[in-house]
Amino acid sequence: MKVNGIPYRTIWPAADGQAVEIIDQTKLPHMFKTLRLSTMLDAERAIKDMEVRGAPLIGVTGAYGIALAMREGSSDAALNKACDRLAEARPTAVNLRWGVERMRAFLTPLPENDRAAAAWREAAHIADEDVEINASIGRHGGDIIKSIYDKKKSTVNILTHCNAGWLATVDWGTALAPIYNAFDAGIPLHVWVDETRPRNQGASLTAWELNQHGVPHTVIADNTGGHLMQHGMVDMAIVGCDRVTAAGDVCNKIGTYLKALAANDNGVPFYVALPSPTVDWTIFDGVKEIPIEERSAAEVTHISGLSDDGQVCTVQVTPTGSPAINYGFDVTPARLVTALITEKGVVLKPDQAKLEKLLQATR
Ligand code: MRU
């Protein structure tokens, strides 16, 4: 996608071939800055500190992190140490573990001397695959938006939560890919962007992306969605996800479940877009089995933004001494999901049998 008219991906090999570069997402929307990751520890920090974030992108960054580690030492011990360490950088999105384990399985049978070059090529291959997958999700989901427009014959209003756009992937995004697909095809649409406290990925990242692409949108406080749905102002909701169980339960940014409940109560279709590596085939009950990341309470007690004199600053919003807690994700049971939109097609009213039938080639 383009930033000020220049095409970018979120992660790419540096021109000197010695590092990868990323867009530093902690600086958006007020500053566009790129960062160089030269070591495995740089990649780990970028994932932990959310300079890169979003399930598919942290999977690809994990893969490049292994490639960087192989340049420092490519023995079995070094490979396993790097894989074990990077897989732990964030707990909820299964794509990180998927990317790292794919690298481990690919590299383990190779002679040690070949691993560094092969790892670099494989990480680039995973990144390219992500772009193809998301473009395909865009086509399948774009058809859904077009069919709503064909019935409604006026602007399609779409609610989204968090950032599941191109910044959360290598390119295109998952939940936003259908929006870009339909918008580029000339379908009149408008996006309600949940701000997504506490880190405000909607207000900071989704709004920035949509702005760059010229997509009409309005940022709303997280609590607004139910009201809009009650008044017929939302035609569909679409979100991304960090892990989907084999039975179709969806784990995504905290607050997603409440939107799914409101959508269910108001007859608003609730779609979830995902690449197939987001399915964790080893678990079935999302509420019981998915580890939920707990992040620093400071993300709740403090907020940052642009001051009137143009400086980015952080302020405290809670009384000094009030404790806060910060769960990063929640689980939406499959029964609240209208359909999963994958690169291979759409799974209506998802369950294990339907998911397996569509995606079994990826297992
Ligand atoms: O904590 P984050 O910003 O990494 O959480 C991201 C999300 O919850 C996204 O909605 C999800 O990863 C889907 S991304 C295509």
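Where does the ligand lie with respect to domain 1 (2–129) and domain 2 (154–362)? Both domains give residues to the shell around the ligand, so the ligand lies between them, with domain bounds taken from an automatic or database domain assignment.

The structure is a predicted model, in which local features need pLDDT of at least 70 and side-chain atom pairs count only at pLDDT 80 or more, while totals for chains, interfaces and linings use all residues. Residues are numbered from 1 along each chain as its sequence is written, and side-chain values use heavy atoms, with hydrogens and water left out.

**View 1. Polar contacts of the ligand.** For a polar contact, a pair of N or O atoms lies within 3.5 Å; within protein, one must be able to donate a hydrogen and the other to accept it, and residues adjacent in sequence count only if both atoms are side-chain atoms. A side-chain N or O atom of Lys 253 is 2.7 Å from an oxygen atom of the ligand, a polar side-chain atom of Asp 242 is 2.8 Å from a ligand oxygen, and for the side chain of Arg 53 the distance is 2.9 Å.

**View 2. The loop with Pro 29.** The peptide bond that joins Leu 28 to Pro 29 is cis, with omega near 10°. Pro 29 belongs to the loop between strand S4 (20–23) and strand S5 (34–37), where strands (E, at least two residues) and helices (H or I, at least four) are DSSP runs numbered from the N terminus.

**View 3. The loop with Pro 198.** From Arg 197 to Pro 198 the peptide bond is cis, with omega near 10°, and Pro 198 lies in the loop between strand S7 (189–194) and helix H7 (201–213).
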